[in-house]
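I opened a fresh notebook page for this one. Here is what I looked up, in the order I went through it.

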Amino acid sequence: MLLSLNKSDLSFGDTDNSLDIDRKEAFDLSKELEMKIEFQDVNRISDGKWEFAFKADGRELAANTMTVDLDQKVALPDGSEIRLTSYKRNELGTYIYYEGKTPKNYSTQFRGTNDREETVWFIDYRNGRFQLDLWNEMRTQDIESLTLSVYSAQRTSKDQSVKESSYKPYGKPFTIPAK
C-alpha cells in the first residue's frame with residue numbers, strides 16, 4: 001500500500017523504507033490536505049491496482065481531532081524506554097505519539113484490549129508514533145481506556161519482515177485513557 005499526503009510518500013507497515021518528509025509541512029492542518037491511497041493485489045483477491053484520491057479541509061480535521069495528553073514511560077526489550085506523549089483520534093486514524101527511539105533491530109507493537117475487552121494493536125512506524133491497525137479502528141469509538149503491552153520480535157536484517165508468531169510480550173501491561 002502507498003499513502004501520500006500533499007504529494008509526499010509516507011511509510012506504511014513495519015519497515016525502515018520510509019521517505020523522511022518534513023512532518024510539519026505535510027501535516028499542516030491550516031491548509032487543504034491532498035490524500036492519495038494506492039493498493040496493489042488487495043488481499044490477493046485482485047491483480048489490479050486500486051487508487052483513491054481526495055482532498056480534506058485540514059482545519060475541519062483539526063477541529064475533529066480528539067487528543068488526550070499522556071506522560072507514560074514504557075520499557076522496551078533492548079533496555080531503553082520511550083515516553084508516550086499523546087493519544088489522538090480523528091477521521092484519518094488513531095495514534096499514540098512518543099518521544100525517544102524504538103530499537104531498530106526489533107519490530108515493536110502495542111497489543112491489548114479496550115475497556116470493552118475487544119482486541120486492539122498499534123504498529124510502530126518509527127517516526128514518533130504508533131498507529132492503530134486499520135482493522136481495529138471501530139474498536140476505539142466511544143471507549144474510556146486501553147490496556148496495552150509491548151510486543152516485539154527481533155529482526156536479523158533491516159528489511160526483514162517478521163512472522164506474526166515471532167512477536168513476544170515484554171514488560172507489564174499499562175493503561176492509557178482514551179477520553
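Confidence came up before anything else: the protein chain has a mean pLDDT of 81, and 79% of its residues reach 70 or more; pLDDT is the predictor's confidence in each residue, from 0 to 100. I noted that this is a predicted model, where local features need pLDDT of at least 70, side-chain atom pairs count only at pLDDT 80 or more, and totals for chains, interfaces and linings use all residues. Residues are numbered from 1 along each chain as its sequence is written, and side-chain values use heavy atoms, leaving out hydrogens and water.

Next I checked the weak stretch. Residues 12–25 stay under 50 in pLDDT, and the model has 26 contacts for them beyond four places in sequence (contact means heavy atoms within 4.5 Å). Where pLDDT is low, the predicted coordinates should not be read in detail.

Then I turned to strand E11, residues 145–154 (strands are DSSP runs of at least two residues, E, numbered from the N terminus). Of its 10 residues, 7 are buried, so E11 is largely enclosed by the rest of the structure (buried is under 20% relative accessible area, exposed over 50%, partly exposed in between; 1.4 Å probe, protein chains only).

I looked up its partners, too; strands pair if DSSP finds at least two bridges between them.
- E8 (residues 106–114) pairs with E11 in the antiparallel sense over 9 bridges, and Thr108 has Ser152 as its bridge partner.
- E12 (residues 168–177) pairs with E11, also antiparallel, over 7 bridges; Ile176 in E12 stands opposite Leu146.

Last, I followed the segment after E12 to Lys179. Lys179 is exposed, at 55% relative accessible area. Beyond its neighbours within four places in sequence, Lys179 contacts Met66, Val68, Asp142, Ile143 and Glu144.

Conventions: Helices (H or I, at least four residues) and strands (E, at least two) are DSSP runs, numbered from the N terminus.
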